[in-house]
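Hi there,

Here is the structure I promised to pass on. Have a look at it first, and my notes follow below.

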Amino acid sequence: MRQKQIKGFNLDELIVMCEENNFSAFRAKQIYHWMYRHGALDILDMNNLPDDLLKYLKNNFTIKTLEIERIQNSNTEDTKKILFKTTDGKLIESVSMIDKNLHTVCISSQVGCNVDCKFCATGIMGFTRNLSCGEIIDQIIQITNLREEAITNVVYMGMGEPFLNYNEVIKSANILHDPNGMNLGKNRITISTSGILPKIKQYIDERQPYKLAISLNATTDAIRTKIIPINKKWNIEMILNELDHYPSDKKNMVMLEYVLLKDINDSKEDAEKLSFYANRLHCKVNIIPFNDIGNQYSRPDDDTINDFIHILHKNQENYQTLVRWSKGLDIDAACGQLSTVSQ
Ligand code: SF4
């Protein structure tokens with residue numbers, strides 16, 4: 001009989017599993033702690049469980065969903081790119097970045113991606129499959145074990161479109177946030193989407209507590225459709241209309257991500273329009289100068305980037321402007337560079 005993965009079970013599922021097999025429900029909480037608080041990578045590590053339960057778990061479940069294939073270290077920053085292999089041989093990447101007292105981990109939610117954003121190396125790979133909640137969580141657990149510094153922030157901005165794997169992504173964020181699980185603050189978890197409108201609506205309706213980032217990247221539908229083809233289906237105005245319902249507060253503002261591409265979306269008119277959208281929403285604007293992936297796009301020169309940012313600052317009434325000079329450029333670990341095509 002093929003063993004099931006136990007990593008990814010939430011507490012309710014563990015309770016059902018225990019009760020159905022005549023083990024006391026409080027054992028479920030112990031298993032939950034072992035997996036998510038202590039990061040156990042072997043069922044036999046759970047040394048306060050009775051022998052019959054250990055035997056049952058060992059016979060029916062596996063716990064490790066990923067193996068580390070390779071770790072690349074940046075020479076310029078404290079950034080590592082980790083290549084993981086799933087149990088069915090698929091490759092995914094995660095990035096761990098330490099800067100001052102922040103340890104941010106960027107995780108993948110799918111093997112590949114079919115959204116096909118033209119500035120993104122993952123998009124070029126095509127889509128293979130969704131990651132399970134256990135595989136999403138395991139990236140964080142294994143990076144926790146690799147590094148001395150505790151993880152302070154998790155961003156769902158690695159390979160894949162998180163909202164096309166909505167249930168597993170939200171389930172994993174819930175385990176991350178749960179005080180009995182990994183106990184990470186809700187404002188330290190950010191989920192990014194290229195604009196999957198029905199899921200943005202669901203996310204807002206469900207009042208999910210995690211930060212939401214929208215990969216906007218253009219101020220006109222003509223340009224956005226060119227670089228993010230799903231814009232044809234769900235355009236800028238539809239997304240902004242939906243974001244009007246986002247329950248923004250000081251600690252949790254929606255983030256508009258804007259990758260600056262030379263001669264595509266970097267004009268002064270674009271900056272004016274972007275600040276107009278941002279003032280409407282009460283949000284953060286994150287400007288990301290493009291990172292080279294060897295295609296037709298390039299990064300604007302520094303003067304153009306500075307002019308763009310200057311306009312955003314000048315118009316800033318109801319938003320904040322951030323600039324993300326990406327980490328890990330020398331190991332292709334920066335935004336939009338993750339790909340396992342040539343591993
Ligand atoms: S930017 Fe995100 S949604 Fe777009 S292709 Fe890349 S991984 Fe997919």
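Let me begin with the contacts: among those between residues at least 6 apart in sequence, 66% join residues at least 24 apart. Please keep in mind that this is a predicted model.

On the overall shape, the protein has a radius of gyration of 21 Å, close to the 20 Å that the globule rule gives for 343 residues, so it is as compact as a globular protein of that length. Along the principal axes, its C-alpha atoms fill a box of roughly 70 × 40 × 35 Å. The secondary structure comes to eleven helices and 14 strands. Of the 343 residues, 54% count as buried. The protein exposes about 15,300 Å², and 48% of that is supplied by carbon and sulfur atoms.

Now to the aromatic side chains. How many aromatic pairs does a search of the whole structure find? The search turns up nine. In one of them, Phe-23 and Tyr-56 have ring centres 5.7 Å apart and planes at 45°. Planes under 30 degrees apart would count as stacked and over 60 as edge-to-face, so this pair is tilted. Phe-23 sits in the loop between helix H1 (11-20) and helix H2 (26-37), while Tyr-56 belongs to helix H3 (residues 51-60), so the pair ties together parts that are 33 residues apart in sequence. Phe-23 is buried, its relative accessible area being 14%. If you colour the rings, you can also follow a cluster in which ring pairs link Phe-9, Phe-23, Tyr-56 and Phe-61.

There is a contact between a charge and a ring too: the charged end of Lys-199 sits over the ring of Tyr-166, 5.0 Å from the ring centre.

The salt bridges may interest you as well. The whole structure holds 15 of them by this search. One joins Glu-93 to Lys-81, with 3.4 Å between the closest N and O atoms. Glu-93 lies in strand E5 (residues 91-99) and Lys-81 in strand E4 (residues 78-86), so this salt bridge ties together parts that are twelve residues apart in sequence. Are these two partners buried or exposed? Glu-93 counts as buried, at 0% relative accessibility, and Lys-81 counts as buried at 5%.

Another salt bridge brings together the side chains of Arg-129 and Asp-88, at 2.9 Å from N to O. This pair links distant parts of the chain, 41 residues apart: Arg-129 is in strand E8 (residues 127-130), and Asp-88 is in the loop between E4 and E5. Asp-88 is partly exposed, with a relative accessible area of 38%.

Within a helix, Lys-201 forms a salt bridge with Asp-205, and their closest N and O atoms are 3.1 Å apart. Both residues lie in helix H7 (residues 197-205), where they are four residues apart, about one turn of the helix. Lys-201 is partly exposed, with a relative accessible area of 40%. Salt bridges that share partners also join Asp-88, Arg-129 and Glu-135 into one network.

That is what I have for now. Happy to talk it through whenever suits you.

Best wishes

Definitions and conventions. Residues numbered from 1 in each chain as written. Predicted model: local features only at pLDDT ≥ 70, side-chain atom pairs only at ≥ 80, totals over all residues. Heavy atoms only, no water. Phe/Tyr/Trp six-rings, centres within 6.5 Å; stacked < 30°, edge-to-face > 60°. Helix = DSSP H or I, 4+ residues; strand = E, 2+ residues; numbered from the N terminus. Buried < 20%, exposed > 50% of the residue type's maximum accessible area, 1.4 Å probe, protein only. Lys NZ or Arg CZ within 6 Å of the ring centre and 35° of its normal. Salt bridge = Lys/Arg side-chain N within 4 Å of Asp/Glu carboxyl O. Rg over C-alpha atoms; globule rule 2.2 N^0.38 Å. Contact = heavy atoms within 4.5 Å. Areas by Shrake-Rupley, 256 points an atom, 1.4 Å probe, with all protein chains shown as cover.
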